[in-house]
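Here is a friendly tour of one protein model, arranged by topic. Keep the sequence and the 3D view at hand as you read.

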Amino acid sequence: MQADTVRQSVVLRRRPSGEPDRSDFDIIEDAIPTPAPGEVVTRTIWLSIDPYMRGRLREQQTYAKAIEIGEVMTGETVGEVIASADPTLAVGDIVVGARGWQSHVLSKAAQLTKVDKAGAPISTYLGVLGMPGTTAYTGVTDILKPKAGETVVVSAASGAVGSVAGQLAKRAGARVVGVAGGADKCFYVQDSLAFDDCVDHRAMDLRAELAAACPNGIDCYFENVGGAVQAAAFDLLNPFARVAMCGMVSQYNQDPFPPGPNLGFVVGKRVLIQGFIVSDKPDRMAEWRKLAAPWVADGSLIYREDEIDGLENAPDALGGILGGRNFGKLLVRVGPDPH
């Protein structure tokens, strides 16, 4: 085959034990497909790497169907339309929504969203203006509902979701404390994101450090991590606190999952703990983009991206995000920017 007719795909070779790496996947090649009526083919430019992907690698189905052995790994992309059999999209359009760890993706046009090439950087549609940003917006506005003067704690505060969640809580007038891994991330959370404080989850006494940062207790907790961070935060929850359960990345590689905390305090303190999946309210994506795009444009909504080159490095990128080795929204560059 000629290079411009070949598609590369990353497929699941075996289910990982612990942290996934490239030995759990294979790279296969086939011909770039031809779209049928209502379909388009996109050339992938950016591939999003997100913690939820680890759940797709388990045999047990969670809230979405597991990836089968030999199946292409799932993941959202931004790409350029190179072939179209649908009148709504033309060759050269930039779209978000095509799914798959692939150099070229065949999709139904109705499932894609065209983005403005002259607007925000196209990579942001996978991060601050994409699913992570919408996730933060949903958790903060629907569950936490922070009020001026309340204390909000956000775990994984330098990440794609946590960084936006904390900034939204600040806009509501709350005092915001982040939890992040390492001095560099904590400095970024306070200096660039303007959180009021940040605690290093590697601290010798995490609970004491968090208690010192939250002298009036915790009114709202945005959960991305679980484990020791969750235990420390739960100890400090105030009566009528709200907890948005977004993720538990610290345990995604564990099998079986560790036992949960004793939740007896929830009754006495009348704590609301609610889990949520951003895809439950698909209309929120457009709502968030309309709200946040001007903030990105004027620089008042801060974001950071962590880029890795090459589709073949996507498995290592997934292992990295599960181990907290990324700094900001993790993206794999699969192809060049459009001309």
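Valine 78 has valine 96, in S5, as its bridge partner. That pair is a good place to start exploring this model, which is a predicted one. From there we can move to the buried interior, a few special backbone spots, and the empty spaces.

**Strand S5 and its neighbours**

- Strand S5 covers residues 94-99, and it pairs with strand S4 (residues 76-84) in the antiparallel sense over four bridges.
- S5 also runs antiparallel to strand S7 (residues 113-115), and three bridges join these two.
- Within that second pairing, isoleucine 94 stands opposite valine 115 in S7.
- Is S5 mostly covered or mostly open? It is mostly covered, with five of its six residues buried.

**The nonpolar cores**

- As a general tendency, nonpolar side chains in soluble globular proteins are buried together.
- The largest nonpolar core here has 45 residues, and those that touch the most other members are Ile49, Trp101, Leu210, Ile218, Tyr221 and Leu318.
- Several elements each supply at least two residues of this core, among them strand S1 (6-12), strand S9 (175-180), helix H5 (206-213), strand S11 (218-223) and helix H6 (227-235).
- Which element gives the most to this core? The answer is H9, with five residues.
- There is also a second, separate core of 44 residues, and its members include Ile94, Val128, Val140 and Phe276.
- You have met Ile94 already: this member of the second core is the residue that stands opposite valine 115.

**Helix H9, wrapped by its surroundings**

- Helix H9 spans residues 314-322.
- Eight of the nine residues of H9 are buried, so the helix is largely enclosed by the rest of the structure.
- The buried residues of H9 are Ala314, Pro315, Ala317, Leu318, Gly319, Gly320, Ile321 and Leu322.
- Leu318 is worth finding in the 3D view, as it is buried in H9 and is also one of the residues that touch the most other members of the largest nonpolar core.
- The cover over the buried residues of H9 includes strand S2 (25-31), strand S3 (39-48), helix H1 (53-56) and strand S14 (305-309), along with S1 and S15.
- After H9 comes glycine 324, with a positive phi near 70°.

**Two aromatic residues to look up**

- Tyrosine 252 lies in the loop between S12 and H7.
- Is tyrosine 252 buried or exposed? Its relative accessibility is 19%, and buried means under 20%, so tyrosine 252 counts as buried.
- Leaving out residues up to four places away in sequence, tyrosine 252 touches Pro51, Arg54, Arg58, Gly247, Phe257 and Leu322.
- Tyrosine 252 and arginine 54 are 198 residues apart in sequence, yet their C-alpha atoms are 6.5 Å apart in space.
- Tryptophan 295 is found in helix H8 (residues 283-298), and it is buried, with a relative accessible area of 17%.
- With residues up to four places away in sequence set aside, the contacts of tryptophan 295 are Leu168, Arg171, Trp288, Ser300 and Leu301.

**Backbone spots that stand out**

- Aspartate 255 and proline 256 are joined by a cis peptide bond, with omega at about 0°.
- Proline 256 sits in the loop between S12 and helix H7 (265-269).
- Alanine 156 is not a glycine, but it has a positive phi of about 50°.
- This alanine 156 belongs to the loop between strand S8 (151-155) and H3, and at 28% relative accessibility it counts as partly exposed.
- Phenylalanine 240 also has a positive phi, about 65°, although it is not a glycine, and its place is in strand S12.

**Empty spaces**

- How many cavities of 30 Å³ or more does the structure hold? It holds one.
- The largest cavity contains about 70 Å³ of space.
- Its lining has 13 residues, and Val128, Ala160, Tyr303, Arg304 and Lys329 lie nearest the centre of the cavity.
- Helix H3 (residues 160-171) provides the largest share of that lining, three residues.
- The second largest pocket has a volume of about 250 Å³, and the residues that line it include Arg56, Lys65, Ile67, Glu71 and Gln102.
- The lining of this pocket divides into four nonpolar, three polar and four charged residues.

Technical notes
Residues numbered from 1 in each chain as written. Predicted model: local features only at pLDDT ≥ 70, side-chain atom pairs only at ≥ 80, totals over all residues. Heavy atoms only, no water. 1 Å grid on protein atoms, 1.4 Å probe; cavity = no way out; pocket = protein on both sides within 12 Å on 5 of 7 lines; lining within 4 Å. Points joined across faces, edges and corners; volume = space filled by probe spheres on them. Nonpolar A, V, L, I, M, F, W, Y, C, P; charged D, E, K, R; others polar. Core = buried A, V, L, I, M, F, W, Y, C linked by side-chain atoms within 4.5 Å. Buried < 20%, exposed > 50% of the residue type's maximum accessible area, 1.4 Å probe, protein only. Contact = heavy atoms within 4.5 Å. Pairing = 2+ DSSP bridges.
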